[in-house]
Amino acid sequence: MDVNGKVAVVTGAASGIGFALSKALMAAGARGVAMADLQADALEAQATAAGGLAVPTDVSDESAIGALFDRAEAELGPVDLFVSNAGISPKPVRDDNAHWHQQWNVHVMAHLYAARAAAPRMAARGGGKLVNVASAAGILMQMNSAVYTATKHAAVGLAEWLAVEWGPKGVDVSVVCPLRVATPMTEGTPDSGTVRDGVISADEAALRIMDGIADDRFLIYTHDPAGAYWAKKAADPERWIEGMTRLKQKIRGAATD
Ligand SMILES: NC(=O)c1ccc[n+]([C@@H]2O[C@H](COP(=O)([O-])OP(=O)(O)OC[C@H]3O[C@@H](n4cnc5c(N)ncnc54)[C@H](O)[C@@H]3O)[C@@H](O)[C@H]2O)c1
């Protein structure tokens with residue numbers, strides 16, 4: 001998709017990758033970007049900096065996603081691109097059900113709610129694009145967090161299903177699988193698991209995502225090694241598990257929690 005002149009929605013836009021992507025979309029000539037986040041004050045400041053429209057939103061609430069989409073359309077025009085990027089850190093590591101439900105709601109259900117709100121309307125007017133930010137943990141793993149690994153895998157699976165369902169109706173679907181990006185989410189966390197291969201800035205990640213959007217790629221990597229790791233895992237899953245087990249044992253002593 002050529003984003004020039006298009007209207008976009010970006011969630012999780014008060015921080016990190018979402019803010020960087022909102023700036024990149026505006027710099028590439030987007031007609032407008034509705035920037036959504038839970039953190040209303042930070043969002044207001046970031047929207048002013050990026051030239052976007054601040055729409056405080058809790059993406060785990062389906063009616064709030066519907067209201068976000070309606071407001072974006074009312075104030076900016078028909079939405080061409082919906083980027084579901086909001087996410088929650090797997091830190092501190094917890095294993096209670098409330099934490100699982102919260103991560104499930106933000107990492108999976110929010111993507112479903114966005115697709116329900118956006119895809120039918122995009123298809124009815126000739127097309128559009130959904131971009132779901134998952135993680136390399138969704139194709140590999142986040143060895144310190146079962147819930148992050150499971151919900152990001154679910155996000156990748158959902159995106160694949162949506163791509164097959166909506167592609168023929170004119171709505172492209174992409175899923176973004178970053179390795180480590182320097183954002184508030186990763187600040188102060190030890191370098192471990194899937195994330196040893198080059199930390200990049202949020203602005204660099206946003207540029208890689210912009211390239212993926214321009215090329216209409218389904219699977220968008222922000223780091224080159226991610227695809228090679230995935231291929232290795234698919235080629236020999238037992239060897240992959242052995243290697244990850246060894247790595248986890250090696251880093252366990254260095255973990256902070
Ligand atoms: N930083 C990384 O290394 C990395 C790697 C892989 C994937 N990701 C994914 O990229 C996305 C962006 O992460 P980031 O690193 O920019 O993190 P970040 O913490 O800087 O930004 C995430 C934003 O999402 C918002 N958010 C959380 N829950 C929300 C909710 N219910 N409703 C609305 N907004 C909500 C937060 O307020 C925050 O502003 C996430 O989905 C994350 O899982 C990040």
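Where is Asp-216 found? Asp-216 sits in the loop between H6 and strand S9 (219–221). This is a predicted model. The protein has eight helices and nine strands. Two helix pairs, one cis peptide bond and two exposed residues are picked out below.

**Overall build**

- A compact globule of 257 residues would have a radius of gyration near 18 Å, and the protein agrees because its own value is 18 Å.
- Taken along the principal axes, the C-alpha atoms fill a box of roughly 55 × 40 × 35 Å.
- Of the 257 residues, 46% count as buried.
- Take the contacts between residues at least 6 apart in sequence: 69% of them join residues at least 24 apart.

**Helix H4 against helix H5**

- H4 covers residues 97–124 and H5 covers residues 146–166.
- Their axes come within 9 Å and cross at roughly 15°.
- The angle is under 35 degrees, so H4 is roughly parallel to H5.
- The crossing of H4 past H5 is right-handed.
- On the H4 side, the contact residues are His-99, Trp-100, Gln-103, Trp-104, His-107, Val-108, His-111, Leu-112, Ala-115, Ala-119 and Ala-123.
- On the H5 side, they are Val-147, Tyr-148, Thr-151, Lys-152, Ala-154, Ala-155, Leu-158, Leu-162 and Trp-166.
- By class, this contact has 14 nonpolar residues, five polar and one charged.

**Helix H1 against helix H6**

- H1 covers residues 16–27 and H6 covers residues 202–214.
- The two pack at an angle of about 60°, and their axes are 8 Å apart.
- That angle makes H1 oblique to H6.
- H1 and H6 also cross in a right-handed sense.
- H1 contributes Gly-16, Ile-17, Phe-19, Ala-20, Leu-21 and Ala-24 to the contact.
- H6 contributes Ala-202, Asp-203, Ala-205, Ala-206, Leu-207, Ile-209 and Met-210.
- The residues of this contact divide into 11 nonpolar, one polar and one charged.

**Gly-5, ahead of the first-numbered strand**

- Gly-5 lies in the segment before strand S1 (7–11).
- Gly-5 has 12 other C-beta atoms within 10 Å, so it is exposed; the cut-off for exposed is 12 or fewer.
- Gly-5 touches Gly-29 and Arg-31, leaving aside residues up to four places away in sequence.
- Gly-5 and Arg-31 are 26 residues apart in sequence. In space, their C-alpha atoms are 4.6 Å apart.

**Backbone details in two loops**

- The peptide bond from Lys-91 to Pro-92 is cis. Its omega is near -5°.
- Pro-92 belongs to the loop between strand S4 (81–84) and H4.
- Asp-216 has a positive phi of about 50°, although it is not a glycine.
- Asp-216 counts as exposed because it has 12 C-beta neighbours inside 10 Å.
- The loop that holds Asp-216 follows H6 and leads to S9. H6 is the helix that packs against H1.

Notes. Residues are numbered from 1 along each chain as its sequence is written. This is a predicted model: local features need pLDDT of at least 70, side-chain atom pairs count only at pLDDT 80 or more; totals for chains, interfaces and linings use all residues. Axes are lines fitted to C-alpha atoms, for helices over the stretch in contact, and angles run from 0 to 180 degrees between N-to-C directions. Helices (H or I, at least four residues) and strands (E, at least two) are DSSP runs, numbered from the N terminus. Angles under 35 degrees count as roughly parallel, over 145 as roughly antiparallel, 65 to 115 as roughly perpendicular and the rest as oblique. A crossing is left-handed if the near helix is turned anticlockwise from the far one by less than a right angle, and right-handed if clockwise. Two residues are in contact if their C-beta atoms, placed from the backbone, lie within 7 Å. Ala, Val, Leu, Ile, Met, Phe, Trp, Tyr, Cys and Pro count as nonpolar, Asp, Glu, Lys and Arg as charged, and the others, Gly among them, as polar. The radius of gyration is taken over C-alpha atoms; the globule rule is 2.2 Å times the number of residues to the power 0.38. A residue is buried if 20 or more other C-beta atoms lie within 10 Å of its own, exposed if 12 or fewer, and partly exposed in between; C-beta atoms are placed from the backbone.
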